[in-house]
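Biologist: I am new to this structure, and I would like a close look at a single part of it. Please pick one stretch, walk me around it slowly, and explain your words as you go.

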Amino acid sequence: MSLPLVPNFIAGEWSRPAGLSTTPVFNPSTGDVIAECPAGGVAEVNAAVAAAQAAFPEWRETPAVERARVFFRYRHLVEQNFDALCQTVSREHGKTLAEARGSVYRGLENIEYACGVPTLLFGDTLENLARGVDCETILQPLGVCAGITPFNFPAMVPLWMFPLAIACGNTFVLKPSEKVPLTAVRLVELLEKAGLPKGVLNLVHGGRPAVDTLLTHPLVRAVSFVGSTPIAKYIYETGTRHGKRVQANGGAKNYIVIMPDADVPKTVEALSTAAFGCAGERCMAGSTALTVGAAAERLLPSLVAAARAIKVGPTDRAAQPDMGPVITAPHRDRVLSLVASGEQEGAKVICDGRGVKVADAPGGFYVGATIVDHVAQTMTLAREEVFGPVLNVMRMDDLDRAIEQTNRSAFGNGAAIFTNSGRAAREFKHRVKAGMVGINVGVPATMAMFPFTGWDDSFYGDLHIQGKEAVQFYTQQKVTTSRWFASGEGDVWRK
Ligand code: NAD
């Protein structure tokens, strides 16, 4: 039986381009191939951009309240189809259903934020800038915007982008990850159902050729990207060189500092979720615990017990595990080899998830919860983003050393501290070099109304995704200075 080919959506029509090469879409829980994703020819991207450009004049003239109404309907449809959407996320990504639900909710909040676009687009005015002269700013859409998204949040990350961009009056081309294209199809189908005019949102699948065409196309005005750091850097450099506005979120390595006075049960719970939630495939995963002084002895026995109790298994059936698989077999092998490299360089694996066996899904891509103690900065394991259920432990003498270690990272996405001391928390918040900080919060990922503020190698650009910064990103400001003459005064045609 031939596998379904994932469709593109261009100018309001669903199409399955024939004759192109394809990449397999897996169910990571079983290892089965469930669909084929078109590699996305240059022609498809060109057609999508042309459709988006053609739809732009009418869409930008559509009143903001009418644009918002489409997203009120969309919100309702996403909620009505919530369970099916979460199942698709879970099936092609491997998240548990509970994790899929959490992530789709985060996406839904972005749709809700976009519903507020009539007020988000308010400008400023100043009467009597000079005598009889008034000044106002307005925010106008840019034109065709593009979104390129990663595998790890198949619904949430696309929803970070196209609802707000479109609500602001732009048209859009979405290029989702070829590893998880099925959720994007569902998201686009629902927006079509909500009454979005043809051509305003287009969906094209593919890899590098599709991305390069978007990055260099003269009609694409802005590019939103989320993915790994090397690709984020490439997207930013190539896109800006071709005159585009670019926001490019990259990878991360997030530290969690545990002070000796931290509440042990609460910290263990938060740390397990931060490190092993979504099988560690989160840009905000707490992947390194920096234990200060006696914190290691207080914390590690319960942390190891909690990690050993995490049940790993397939997420595509009624009985849900605590943790699902990672995305592909090569990715699983990379995670395993990074743990082995740490061990060879002198670190100690104190909870070993490498040999995990899942009897009812032997073909799935599983790694059990793993904790590696005595990790040192010189080790590859300490520097590279692992993106799997692996928690490094580094032992620090005091808070100063822990902050120095956090600030040594090339990344700057998130950082957190667990303590009962307001003074330590304040010191950490003030000095730490990361865009999103948690105080007794393990995953300080921001919600729709706040920007997702990565720093350093975790973000290239000026205006972040989400919140008011995203409104600025998807619009350009115009300032009008006006003066009206009294009747007859300055009437140049009569002179
Ligand atoms: P990835 O960089 O491999 O892929 C992201 C997108 O770029 C995909 O659509 C892919 O098709 C495209 N792409 C891949 N290689 C390309 C190339 N050579 N040229 C042009 N385009 C290319 O990322 P991924 O593995 O899908 O996602 C995981 C990464 O995303 C992790 O590093 C994670 O930290 C990061 N991430 C970051 C954030 C954030 O907000 N900072 C959020 C989620 C994920």
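Modeller: Let's begin with the word we will need most: two residues are in contact when heavy atoms of theirs lie within 4.5 Å. What we are viewing is a predicted model, in which local features need pLDDT of at least 70 and side-chain atom pairs count only at pLDDT 80 or more, while totals for chains, interfaces and linings use all residues. Residues are numbered from 1 along each chain as its sequence is written, and side-chain values use heavy atoms, leaving out hydrogens and water.

With that settled, our starting point is Ser409, which sits in the loop between helix H14 (399-408) and strand S17 (411-412). Helices (H or I, at least four residues) and strands (E, at least two) are DSSP runs, numbered from the N terminus. Which residues does Ser409 contact, leaving aside its neighbours within four places in sequence? They are Lys253, Tyr255 and Lys433. Ser409 counts as buried because its relative accessibility is 10%; buried means under 20% relative accessible area, exposed over 50%, and partly exposed in between, with a 1.4 Å probe and protein chains only.

Lys253 leads us on, since it is in contact with Ser409 and is also touched by Asn392. Asn392 belongs to strand S16, which covers residues 390-396. At 1% relative accessibility, it is buried. Setting aside residues up to four places away in sequence, Asn392 touches Lys253, Ser287, Thr288, Ala289, Val372, Val375, Leu381 and Ala382. With Leu381 there is a further detail: the side chain of Asn392 reaches the backbone oxygen of Leu381 at 3.1 Å. That is a polar contact, a pair of N or O atoms within 3.5 Å; within protein, one must be able to donate a hydrogen and the other to accept it, and residues adjacent in sequence count only if both atoms are side-chain atoms.

From Asn392 we can step across to Ala279: the two are 113 residues apart along the chain, and their C-alpha atoms are separated by 14 Å. Ala279 is in the loop between H10 and S13, and that loop, between helix H10 (264-276) and strand S13 (286-292), also holds Cys278. Look at the backbone here: neither residue is a glycine, yet phi is positive, about 55° at Cys278 and about 50° at Ala279. Both count as buried, Cys278 at 5% relative accessibility and Ala279 at 2%.

Back at helix H14, residue Leu399 lies within its range of 399-408, and Leu399 is one of the residues that Ala424 touches. The others on that list, not counting residues up to four places away in sequence, are Met259, Ile417 and Thr419. Ala424 is part of helix H15 (residues 422-431) and is buried, with a relative accessible area of 8%.

On the other side of our loop, strand S17 covers 411-412, and Gly412 is among the contacts of Thr453. Where is Thr453 found? It is in the loop between strand S19 (436-439) and strand S20 (455-456). Besides Gly412, it touches Gly435, Met436, His464 and Glu469, again without residues up to four places away in sequence. A polar atom of the Thr453 side chain lies 2.8 Å from the backbone oxygen of Gly435. With 17% relative accessibility, Thr453 counts as buried.

For contrast, take Glu61 in helix H1 (residues 42-61). Is Glu61 buried or exposed? At 58% relative accessibility, it counts as exposed. Its C-alpha atom is 40 Å from that of Val443, 382 residues away along the chain.

Finally, step back to the whole chain, where buried residues make up 57% of the 495 residues. Of the contacts with a separation of 6 or more, 73% join residues 24 or more positions apart.
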